[in-house]
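Please take the sequence and the model together and follow the path of the chain from its sheets outward to the helices. The account below proceeds strand by strand and then helix by helix.

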Amino acid sequence: MSITKLLGIKYPIIQGAMAQIAKAPLVAAVSNGGGLGIIASGGMTGEDLRTEIRQTKALTDKPFGVNLMLMMSNIDELTEVLMEEQVKIITTGAGTPKSFMPVWKEAGITVMPVVPSVMIAKKMAKLGADAVIVEGTEAGGHVGETTTMALLPQVGDAVEIPVIGAGGIGDGRGLVAAFALGASGVQAGTRFLASKECPTHPRFKEAVLKAGDRDTTVTGRSAGSPVRSIKNKMIKEYLRLEAEHVSHDELEALTLGSLRKAVLEGDTENGSVMAGQIAGLVKEIKPCKEIIEEMMKEAQETLDSISLT
């Protein structure tokens with residue numbers, strides 16, 4: 001089954017779940033543009049999530065989903081809200097959906113875990129996932145170690161369910177490349193950071209537009225929780241402390257509230273500006289609908305221009 005048919009969307013493009021960013025205005029705009037918007041529930045209470053779901057429903061009659069970080073302490077509360085609000089598409093990360101899967105499948109929910117490796121993709125397929133989102137280390141936020149180009153075809157060979165490519169995809173060429181590697185669709189996060197509907201501080205968006213191909217880096221590898229962000233004063237200090245093997249508590253103290261500082265306050269020097277390596281390709285702020293349609297148009301033009309002889 002194609003991703004568009006599985007999800008009931010026009011185009012095979014899913015918006016990445018970015019904590020404190022992927023809320024109703026952005027989610028609805030992506031869904032109205034023909035893609036699949038995803039609410040990021042990370043850091044939300046149950047009532048926060050309920051509010052975002054209802055606001056999204058008020059802004060669009062198109063399909064949308066919710067992402068769950070399964071290791072959150074209030075995950076039971078969040079999943080109860082999803083059931084009560086009759087959310088029909090869920091993406092998951094930071095843990096296994098094993099204990100929830102029987103209830104979700106009985107309720108007719110489409111489940112798409114985000115996976116960083118072949119091993120985890122196979123486990124998710126065995127649990128009954130409808131598709132897997134295969135995310136390479138190029139992505140922004142929490143990442144694995146394998147690149148999208150290396151990981152995507154390997155997962156495609158290992159599972160029989162649809163795979164969705166994520167990490168380093170920001171235009172039509174990336175869409176075509178993902179399909180060539182075996183994907184049925186793509187997930188893009190960083191490209192939608194530079195959208196008119198993205199509810200971040202203008203300085204956050206400006207940081208993404210200014211970023212070049214080498215302006216992101218990964219912190220947190222020593223603690224086993226690698227995160228890709230745009231380099232700034234805070235990130236450089238984190239890397240210095242990490243190299244000195246300071247305690248996890250000291251590193252946590254440095255980053256406490258850093259995402260909120262960047263997203264809401266526009267402090268792009270002391271905040272965490274999570275973005276992927278594809279930020280170097282993003283040069284203009286546009287409406288989500290225009291971003292999606294341009295990706296599809298460029299994908300077709302790319303296919304038309306390819307010659308193997």
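How many bridges join strand S5 (residues 110–115) to S6? In this predicted model, two bridges join S5 to S6, and the two strands run parallel. Within that pairing, the bridge partner of Val-114 is Ile-133 in S6. Strand S6 itself covers residues 132–135, with Val-132 and Val-134 pointing one way and Ile-133 and Glu-135 the other way, and all of these residues are buried. This fits a general pattern: in a regular strand the side chains alternate between the two faces of the sheet.

S5 and S6 belong to an open sheet of eight strands, whose order is S1-S9-S8-S6-S5-S4-S3-S2 and whose pairing is parallel. The edges of this sheet are formed by strand S1 (13–15) and strand S2 (37–40), each of which pairs on one side only. On average, and with direction ignored, neighbouring strands of the sheet are turned by 25 degrees against each other. Towards the S2 edge, helix H3 (residues 46–59) lies across S2 and strand S3 (64–69), and runs at about 165 degrees to S3.

At the other edge, S1 is joined by three bridges to strand S9 (residues 185–188), and these two strands also run parallel. Here Gln-15 stands opposite Ala-188 in S9. Is Ala-188 buried or exposed? Its relative accessibility is 1%, and Ala-188 therefore counts as buried. When residues up to four places away in sequence are left aside, Ala-188 touches Ile-14, Gln-15, Gly-16 and Ile-169. Ala-188 and Ala-279 are separated by 91 residues in sequence, while their C-alpha atoms are 11 Å apart in space.

A further open sheet has three strands in the order S7-S11-S10, with antiparallel pairing. Strand S7 (141–142) and strand S10 (216–219) stand at its edges, and because each has a single partner strand, one side of each is left without a neighbour in the sheet. S10 pairs with strand S11 (residues 227–230) in the antiparallel sense over four bridges, and Thr-217 stands opposite Ser-229 in S11. Helix H11 (residues 233–243) packs on this sheet, where it touches S10 and S11, and its direction makes about 40 degrees with that of S10.

H11 also has a helical partner, since its axis and that of helix H12 (residues 248–255) come within 10 Å and cross at roughly 175 degrees, which makes H11 roughly antiparallel to H12. To this contact H11 contributes Met-234, Glu-237, Tyr-238, Leu-241 and Glu-242, and H12 contributes Leu-251, Leu-254 and Thr-255. By class, the residues of the contact of H11 with H12 are five nonpolar, one polar and two charged.

A second helix pair is that of helix H8 (residues 172–180) and helix H14 (residues 288–305), which pack at an angle of about 60 degrees with their axes 7 Å apart. That angle makes H8 oblique to H14, and the crossing of H8 and H14 is right-handed. In this contact Gly-172, Arg-173, Leu-175 and Val-176 of H8 meet Met-295, Met-296, Glu-298, Ala-299, Thr-302 and Leu-303 of H14. The residues of the contact of H8 with H14 divide into six nonpolar, two polar and two charged.

Methods
Residues numbered from 1 in each chain as written. Predicted model: local features only at pLDDT ≥ 70, side-chain atom pairs only at ≥ 80, totals over all residues. Heavy atoms only, no water. Pairing = 2+ DSSP bridges. Contact = heavy atoms within 4.5 Å. Axes fitted to C-alpha atoms, helices over the stretch in contact; angles between N-to-C directions. Parallel < 35°, antiparallel > 145°, perpendicular 65-115°, else oblique. Left-handed = near helix turned anticlockwise from the far one by under 90°. Nonpolar A, V, L, I, M, F, W, Y, C, P; charged D, E, K, R; others polar. Buried < 20%, exposed > 50% of the residue type's maximum accessible area, 1.4 Å probe, protein only.
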